[in-house]
Amino acid sequence: MTIESNVNQSNDLDSFRSLTALQQPTWPDAERLDRARSILSENAPIVVPAGADQLRDNLARVARGEAFLLQGGDCAESFAEADSARIGNKIRTILQMAVVLTHGASMPVVKMGRMAGQFAKPRSSDTEIRDGVELPAYRGDMVNGFEFTAESRIPDPMRMVEGYRISAATLNLARAFTQGGFADLRRVHEWNAGFLKNPAYKRYERTAKEIDRAIRFMAACGVDFSALRTTDFFVGHEALLLDYERSLTRIDSRTGNAYDTSAHFLWIGERTRQLDGAHVEFLSKVANPIGIKLGPTTTPDQMMALAERIDPDRVPGRLTFITRMGASRIREVLPVLTTAAKREGLVAAWATDPMHGNTITSATGYKTRRFSDVMDEVVGFFEVHRSVGTIPGGLHMELTGDDVTEVLGGSEEIDDEGLAARYETLVDPRLNHQQSLELAFLVAEMLVTG
Ligand SMILES: O=C[C@H](O)[C@H](O)COP(=O)(O)O
Ligand SMILES: C=C(OP(=O)(O)O)C(=O)O
Ligand SMILES: [Mn+2]
């Protein structure tokens with residue numbers, strides 16, 4: 001066993017406690033919080049340090065332009081939906097997208113879920129008002145309940161323990177799917193062929209045929225497909241709840257380094273990336289690969305200072321910048337950052353989150369996004385990196401494998417009225433299964449044509 005304890009060694013893991021931590025719940029019961037923290041501290045890790053290291057090596061390849069990153073999953077996972085059908089649908093969608101992207105990029109795709117821990121949400125308002133009733137905002141299943149009642153909205157720290165248990169079960173299932181033949185290249189390709197039977201997607205047939213020919217070519221060359229029946233699958237979430245993240249941090253006895261064993265990858269959100277804040281401080285102390293969301297107001301100085309705090313030794317694969325500028329801003333803001341990074345010799349993996357800068361309210365009152373805006377931000381991301389000479393490394397998406405109606409547009413043309421049919425998200429709108437695949441085909445076409 002490589003993990004010994006979560007006791008403090010020289011790198012004071014509790015230094016964040018004296019700093020401001022934004023977006024934390026006000027837990028009403030201190031004793032219950034202590035109990036939850038000690039249960040989490042005493043329980044088994046969800047991932048082991050070697051798994052986080054393996055992802056870091058993969059992200060180093062992404063940063064060098066030798067691999068492409070695909071991270072996807074719900075805005076907010078829910079306890080009630082952590083069932084095998086829904087988790088399977090999400091994994092299947094990510095695997096289907098990955099095959100298409102592998103072909104388009106002619107590179108391996110690093111697959112990662114926004115899964116197995118994505119249970120805590122930063123909110124723009126502390127409260128929510130419905131029909132004149134004001135209650136605390138829903139902050140994710142690991143904090144409080146979604147149901148709009150005073151009781152359900154009270155934060156309960158024991159929800160972190162439940163979140164831990166469900167995260168471990170989710171990762172276990174994700175592994176079983178990706179190691180158990182579900183990931184078989186030929187099977188995934190057949191699923192894609194099924195998707196293309198819908199005439200709405202006829203324009204993607206050419207790419208599918210090319211993949212088909214590539215698979216036949218491989219078979220003719222005698223490729224052993226049994227090696228392509230499994231794939232690595234990593235998980236990551238926003239490191240928001242510092243009590244949860246700290247309690248799952250352990251010291252790796254191989255190296256004496258601390259790892260946050262709640263996930264392979266942790267990212268710092270746009271709302272909690274203050275240089276002097278608790279989140280940056282805590283995540284600077286753990287050895288996992290770390291993502292940082294960069295919104296449209298980010299300055300080059302802030303970006304460089306964040307890199308210095310999180311990755312002072314410039315360890316390959318340690319740092320991923322996830323930009324979320326909005327389709328209307330990306331072509332103006334991203335070049336300033338990538339140019340500065342290039343000038344300073346800063347190497348990070350760059351991924352685009354084309355979701356969070358493109359949120360709108362529909363005429364029918366739903367929080368939504370337009371598929372065309374999402375796609376436009378992705379196109380802008382590639383354009384900017386190509387013109388500056390930096391590397392567009394991957395996609396970070398809010399998606400689900402189910403047939404929901406939360407994002408406007410796509411070839412099936414979900415419109416304002418259509419949103420009501422199956423609008424199921426707890427926080428932000430997700431691409432549905434078809435929209436996710438369509439996006440992958442569009443990105444693959446773009447990668448091929450360059
Ligand atoms: O997922 C991201 C944030 O939690 C979300 O966009 C905040 O949304 P809100 O403005 O509804 O609080
Ligand atoms: C909260 C999120 O994003 P951001 O921090 O970029 O707003 C998110 O990824 O759900
Ligand atoms: Mn979100």
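What follows is a short exchange about a predicted model of one protein chain and its ligands.

Visitor: Why does the radius of gyration of the protein chain agree with a compact globule?

Guide: Take the rule, 2.2 Å times the number of residues to the power 0.38. For 450 residues it puts a compact globule near 22 Å, and the protein chain has 21 Å, so the two agree. The C-alpha trace spans about 60 × 55 × 45 Å along its principal axes.

Visitor: How many helices and strands does the protein chain have?

Guide: Its secondary structure comes to 12 helices and 15 strands.

Visitor: Why are H1 and H4 called roughly parallel?

Guide: H1 covers residues 30–42 and H4 residues 158–179; their axes cross at roughly 20°. Angles under 35 degrees count as roughly parallel. Therefore H1 and H4 are roughly parallel to each other. Their axes come within 8 Å.

Visitor: Which residues make the contact of H1 with H4?

Guide: H1 brings Arg32, Ala36, Ile39 and Leu40; H4 brings Met158, Met160, Val161 and Tyr164. By class, that contact has 7 nonpolar, no polar and 1 charged residues. Tyr counts as nonpolar and Arg as charged, so Tyr164 falls in the nonpolar group and Arg32 is charged.

Visitor: What makes H11 and H12 roughly parallel?

Guide: The axes of H11 (residues 371–388) and H12 (residues 433–449) cross at roughly 30° and come within 11 Å. The cut-off is again under 35 degrees, so H11 is roughly parallel to H12.

Visitor: Is that crossing left-handed or right-handed?

Guide: H11 and H12 cross in the right-handed sense.

Visitor: How do you know which class dominates where H11 meets H12?

Guide: Count by class: 9 nonpolar, 1 polar and no charged. From H11 come Phe371, Met375, Val378, Val379 and Phe382. They meet Gln435, Leu439, Leu442, Val443 and Met446 in H12. Gln is outside the nonpolar and charged lists, so Gln435 is the polar residue.

Visitor: Which residues surround ligand 1, and what are their classes?

Guide: The shell holds Cys75, Lys121, Pro122, Arg123, Ser124, His356, Val427 and Asp428. These divide into 3 nonpolar, 2 polar and 3 charged. Lys, Arg and Asp count as charged, so Lys121, Arg123 and Asp428 belong there.

Visitor: What makes up the shell around ligand 2?

Guide: Ligand 2 is surrounded by Cys75, Pro122, Glu238, Gly269, Glu270, Arg271, Lys293, Arg324, Asp353 and His356. By class there are 2 nonpolar, 2 polar and 6 charged residues. Gly counts as polar, so Gly269 belongs in that group.

How values were computed:
Residues numbered from 1 in each chain as written. Chains lettered and ligands numbered in written order. Predicted model: local features only at pLDDT ≥ 70, side-chain atom pairs only at ≥ 80, totals over all residues. Near = placed C-beta within 6 Å. Axes fitted to C-alpha atoms, helices over the stretch in contact; angles between N-to-C directions. Helix = DSSP H or I, 4+ residues; strand = E, 2+ residues; numbered from the N terminus. Parallel < 35°, antiparallel > 145°, perpendicular 65-115°, else oblique. Left-handed = near helix turned anticlockwise from the far one by under 90°. Contact = placed C-beta atoms within 7 Å.
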